[in-house]
Amino acid sequence: MAPPPPQSNRSPSPSQPSGKSEVSDLKSQLRQLAGSRAPGADDSKRDLFKKVISNMTIGIDVSSLFGEMVMCSATSDIVLKKMCYLYVGNYAKVNPDLALLTINFLQRDCKDEDPMIRGLALRSLCSLRVANLVEYLVGPLGFGLKDNNNYVRMVAVIGVLKLYHISASTCMDADFTTILKHLLLHDPDTQVVANCLAALQEIWTLESSTSEEAARERETLLSKPVVYYLLNRIKEFSEWAQCLVLELVAKYIPSDNSEIFDIMNLLEDRLQHANGAVVLATIKVFLQLTLSMADVHQQVYERIKAPLLTQVSSGSPEQSYAVLSHLHLLVMRAPYIFSSDYKHFYCQYNEPSYVKKLKLEMLTAVANESNTYEIVTELCEYAANVDIPIARESIRAVGKIALQQYDVNAIVDRLLQFLEMEKDYVTSEALVLVKDLLRKYPQWSQDCIAVVGNISSKNVQEPKAKAALIWMLGEYSQDMQDAPYVLESLVENWDEEHSAEVRLHLLTAVMKCFFKRPPETQKALGAALAAGLSDFHQDVHDRALFYYRLLQYNVSVAEKVVSPPKQAVSVFADTQSSEIKDRIFDEFNSLSVVYQKPSYMFIDKEHRGTFEFADEVGNLSISAESRESVVPAQRVEANDKDLLLGTSEKDEGRDPGSNGSAYNAPSLNGSSAPSATSQPLADLAFTTTGISGQAPVASLAIDDLLGLSIPVGTAATPSPPPLNLNPKAVLDPSAFQQKWRQLAISLSEEHSISPQGIAALTTPHALLRHMQSHSIQCIASGGQSPNFKFFFFAQKAEAASMYLVECIINTSSAKSQIKIKADDQSSCQAFSALFQSALSKFGLP
Amino acid sequence: MLQCIFLLSDSGEVMLEKQLSGHRVDRSICAWFWDQSISQPDSFKQQPVIASPTHYLFQVLREGITFLACTQVEMPPLMAIEFLCRVADVLNDYLGGLNEDLIKDNFVIVYELLDEMIDNGFPLTTELNILQEMIAPPNIVSKVLSVVTGSSSNVSDTLPGATASLVPWRTADPKYANNEIYVDLVEEMDATINRDGVLVKCEINGEVQVNSHITGLPDLSLSFKNPSILDDVRFHPCVRYRPWESDQILSFVPPDGQFKLMSYRVRKLKNTPIYVKPQLTSEGGTCRLSVLVGIKNDPGKTIDSVTVEFQLPSCILSADLTSNHGVVNILGNKTCSWSIGRIPKDKAPSMSGTLVLETGLERLHVFPTFQVGFRIMGIALSGLQIDKLDLKTVPYRFYKGFRALTRGGEFEVRS
């Protein structure tokens with residue numbers, strides 16, 4: 001037989017589909033094959049499946065073939081099966097009714113002899129993600145978790161997590177977490193263990209916002225036995241699983257220093273792993289463990305330096321960027337440790353500019369007495385760089401180093417050389433720098449003025465640079481021969497000056513010049529004030545008016561105001577607060593580092609909790625102008641849907657306990673939540689966050705202030721608001737539990753308790769009777785001194801709405817933590833006040 | 001964790017979409033991404049981690065194919081990027097290259113691979129050996145086989161034994177008639193020479209690449225004559241840490257086939273094998289350029305594939321460059337490349353010519369950076385030398401081969 005021409009070889013490969021007609025074509029062909037048992041039918045099926053999937057891949061909707069595909073799926077051919085699984089997984093969600101058809105064959109496959117098929121089928125079954133099919137999942141998952149093949153178990157464990165996301169209650173009811181817990185500590189296969197860890201972490205983190213028990217379970221993951229068990233096996237884990245384990249270890253709090261050293265010794269060799277993700281995760285563990293030990297922390301920096309620098313210089317540009325962002329963070333924290341490695345931060349010609357920018361910042365940071373000269377020499381070479389933004393950045397870097405006070409002498413010379421380079425952007429940047437420099441080191445004025453005097457103001461176009469030049473003209477007008485005349489010509493061209501900043505500076509400069517050289521400047525001053533007064537820009541106009549009145553009132557006073565003797569600026573304000581830097585540091589090895597923002601500024605907490613509205617967001621048309629308007633609305637929607645997790649903005653501020661990384665400062669919360677994903681991260685504009693954020697923030701801040709600052713027991717107790725409770729409310733425990741799970745936390749507060757109250761609280765019962773007298777019933781209580789825990793409920797008089805309260809009292813710190821959940825959110829505040837007042841009266845005679 | 005992975009062609013077409021979690025990521029994100037990346041003047045300048053209005057995107061670009069991953073939660077960025085790099089590597093190995101046609105022709109295999117590599121957003125295994133046992137690569141043999149036998153399932157019906165073994169990187173019991181192992185030292189020299197001709201930075205990034213075909217479960221140990229010159233090392237997971245820490249011996253059970261045993265860095269080298277001396281003098285609207293290249297420190301082996309490349313500044317209207325050795329090409333995007341090949345013994349290659357500046361410009365303000373490439377076979381310029389390679393557990397003889405190679409990496413000379 002002649003070999004087939006190459007053309008026909010390609011025919012089964014995905015050809016460009018022509019659209020609708022082809023889909024119906026495929027449909028009829030699939031139909032014909034559906035029942036066929038003829039030899040070769042599988043081959044033709046495979047070709048057809050391939051076509052279907054290639055259509056799907058390109059983005060053509062082939063969901064109409066669902067029925068036919070399912071009919072064809074009865075096959076023993078594993079490739080066909082895989083393609084079918086893929087197809088089904090993709091379209092089941094939009095075809096929930098038809099998806100039912102696939103359950104049958106998937107369930108059968110879950111019992112196949114071949115573990116590969118069992119695993120694949122189970123994975124596909126769990127990937128259907130159709131809510132009303134979950135009942136079919138529980139059985140196969142249960143078997144899968146007990147399967148004697150590790151591949152199947154591995155799939156099943158992740159399957160549990162998938163099930164949890166489809167239907168949390170089904171997953172919890174089937175008690176899969178207990179099995180996972182067992183597997184976590186006993187399964188021989190490390191991938192199964194790793195998957196258990198991933199699944200349990202996610203499930204318990206999500207559950208912990210509603211259930212105390214889950215929160216405790218999450219804590220046990222971080223307990224010594226679990227962490228040690230995982231650490232001891234760490235070398236058996238796959239590199240990705242190692243990352244997961246290391247992530248967990250980073251959160252572990254060792255009991256003493258020897259434990260810390262044990263862990264570090266054990267993990268030392270992970271720093272030499274070929275996988276950068278493992279190295280970075282290890283570094284995070286080291287940094288976190290040693291935070292409290294300053295000297296060891298220092299040694300850790302020394303130790304991790306080499307691996308980090310290697311990561312940067314080897315590997316793909318993408319990897320090196322991610323590592324570089326982390327290195328950047330460390331360099332900014334401890335520049336002195338890296339000061340001998342400054343050559344690593346030299347820019348390479350064909351690096352992308354975002355990398356160069358990071359490197360320039362690091363070069364600036366590590367400069368000290370010994371290396372300044374070389375660094376500045378290097379930076380000066382970049383000024384002639386082809387990439388203009390980088391050239392600018394490097395000049396700025398030179399300036400910043402100059403302001404750090406090292407070897408200023410040499411730097412000033414360089415800056416002045418820049419001024420003579422005759423490149424407009426170089427001149428502009430250098431002018432701005434010279435201005436800053438003069439503010440800090442007035443002693444250099446002679447040298448600088450000589451050069452600056454030679455620059456024609458006509459060659460300077462950029463507003464910032466022009467403003468700088470004008471500032472210098474005003475400030476040093478006695479040293480610059482022609483300063484009044486230059487200013488005068490600038491004033492003459494007032495109307496052509498578009499930047500208000502420049503005009504403002506011009507006004508001030510003319511004033512200063514006037515005080516120093518009155519006869520020469522008088523004319524220019526008059527013209528400037530006149531022009532300023534008729535300026536359309538409000539600020540310019542106001543300043544001109546102010547100067548004019550000031551001069552009218554008293555010239556010497558005006559001089560004192562406008563041109564007082566200058567004090568050298570010692571420190572320029574840092575742009576990023578140290579608190580933010582610390583927070584980013586805490587989030588080492590995360591996106592925050594790359595964005596140089598703590599994640600609360602860009603990751604929406606809803607997302608961390610649940611993916612609930614990911615779908616809607618995904619379908620959003622992504623247009624710039626719609627962003628701001630859409631997102632707040634969407635949040636509301638998400639909140640409505642997602643009561644389980646208590647996502648209303650108020651809660652988050654009040655509930656430090658419900659979220660692993662909640663923040664106590666309410667203002668941060670307010671600004672974080674709306675900034676969410678909608679923000680282009682480059683600039684976090686607080687103006688836009690105000691749209692949805694401001695109102696709750698304001699009230700929140702005040703509430704919190706009140707709540708925290710008034711010691712409830714001693715000060716006049718807040719008068720009970722007009723909220724009446726039903727004194728004979730009833731609720732049986734199961735109903736309570738159900739409600740507790742359903743409702744979101746509407747309030748979470750912490751109060752101090754009066755000493756009398758503490759004294760009276762010898763047993764839980766004392767408080768129960770007291771609260772009962774205030775129509776607040778207790779449903780469960782427990783604990784021993786100093787920790788007591790109570791669950792209360794109350795009912796609004798003449799209404800069905802219930803208030804549920806969890807109250808934890810610590811008698812040694814005299815604090816109570818209160819979480820309130822309510823049917824009727826609006827009266828929650830009132831109830832809270834009532835509850836507090838009742839609590840505060842406890843123990844009083 | 002990752003929610004979705006897309007593969008985009010160099011024209012921005014979505015070639016493949018793999019949803020990883022229950023929350024579908026809409027394809028429109030790709031359109032957004034593509035708009036962003038074409039709005040960048042140079043696609044290389046695009047950041048690997050970017051934020052779209054709805055997701056955080058990780059991208060890795062290989063051979064014109066963009067591997068794009070999306071997430072909405074906080075996660076280690078390097079993990080995502082490393083994973084995408086591995087996906088690219090694995091696909092490259094499986095398909096024998098990476099391009100649009102290969103991926104489109106084999107998309108079923110790509111799906112199968114992704115299925116085993118990541119589940120629900122957690123990376124599972126990226127070890128090529130393990131994957132190959134689960135999914136056979138679409139090589140010619142299996143294609144021929146499928147034509148002949150009619151059964152073209154590329155899925156092996158056994159599960160890999162290695163997933164449960166303590167050496168996950170090694171397939172169970174390969175058998176070879178000829179046992180052989182090749183060890184290559186491959187080094188890249190990064191150097192920066194500044195405007196004054198001073199060598200400001202010179203270091204070597206090297207790799208020990210091993211190609212091993214040995215029957216059974218061999219336990220190897222490799223030692224260097226001068227391990228102390230290494231500044232920092234990174235190992236393949238197979239390398240045991242203790243012997244290295246105590247005696248600088250690499251003790252390992254190798255994966256089967258080609259792998260990177262170790263990578264290392266050697267800092268603060270004092271010399272480069274060749275010199276490149278550019279000179280630019282401007283006068284009255286033209287600029288005279290001359291570049292001299294020659295051997296500086298003879299490494300004792302031939303230096304070949306020498307190239308000098310640079311970008312003409314945008315203010316240059318035209319350039320007329322000639323050389324006494326090799327070929328000079330000026331491409332449309334003003335990239336000038338001079339391929340010299342082997343440096344002759346008797347004369348120093350030079351390139352010279354004039355550059356005409358934009359009208360109105362008296363002299364040149366922006367100076368090009370010259371990127372130099374070269375290759376030296378038979379020597380590792382860092383000076384690292386392999387001492388010996390021993391096989392411990394397996395009793396039979398095997399063939400050992402050693403090679404060394406040094407290339408120019410980021411070797412740049414500023415003018």
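Here is a friendly walk through the nonpolar cores and cavities of this predicted model.

User: Which helix gives the most to the largest nonpolar core?

Analyst: Happy to start there! The largest nonpolar core holds 265 residues, and Tyr87(A), Leu327(A), Phe58(B) and Phe67(B) touch the most other members. With 13 residues, the element that gives the most to this core is helix H2 (residues 77–95) of chain B.

User: How many residues are in the other core that lies apart from it?

Analyst: That core includes Cys238(B), Tyr264(B), Leu391(B) and Ala404(B). It lies apart from the largest one, and its count is 65 residues.

User: Leaving aside neighbours within four places in sequence, which residues is Tyr87(A) in contact with?

Analyst: Tyr87(A) is one of the residues that touch the most other members of the largest core. Contact here takes heavy atoms within 4.5 Å. Once the neighbours within four places in sequence are left aside, the partners are Val52(A), Met56(A), Val62(A), Ser63(A), Leu65(A), Phe66(A) and Met69(A).

User: What volume does the largest cavity have?

Analyst: Good one to ask next! Counting cavities of 30 Å³ or more gives 12. For the largest cavity, the volume is about 550 Å³.

User: Which element gives the most to the lining of the largest cavity?

Analyst: The lining has 29 residues, with Leu86(A), Gly89(A), Ser127(A), Lys18(B) and Gln19(B) nearest the centre of the cavity. Elements giving two or more residues include helix H7 (115–127) of chain A and strand E2 (14–19) of chain B. With 6 residues, the element that gives the most is H5(A).

User: How many residues of that lining are charged?

Analyst: The lining of the largest cavity also has 10 nonpolar and 8 polar residues. The charged ones number 11.

Note on methods
Residues numbered from 1 in each chain as written. Chains lettered and ligands numbered in written order. Predicted model: local features only at pLDDT ≥ 70, side-chain atom pairs only at ≥ 80, totals over all residues. Heavy atoms only, no water. Core = buried A, V, L, I, M, F, W, Y, C linked by side-chain atoms within 4.5 Å. Buried < 20%, exposed > 50% of the residue type's maximum accessible area, 1.4 Å probe, protein only. Helix = DSSP H or I, 4+ residues; strand = E, 2+ residues; numbered from the N terminus. 1 Å grid on protein atoms, 1.4 Å probe; cavity = no way out; pocket = protein on both sides within 12 Å on 5 of 7 lines; lining within 4 Å. Points joined across faces, edges and corners; volume = space filled by probe spheres on them. Nonpolar A, V, L, I, M, F, W, Y, C, P; charged D, E, K, R; others polar.
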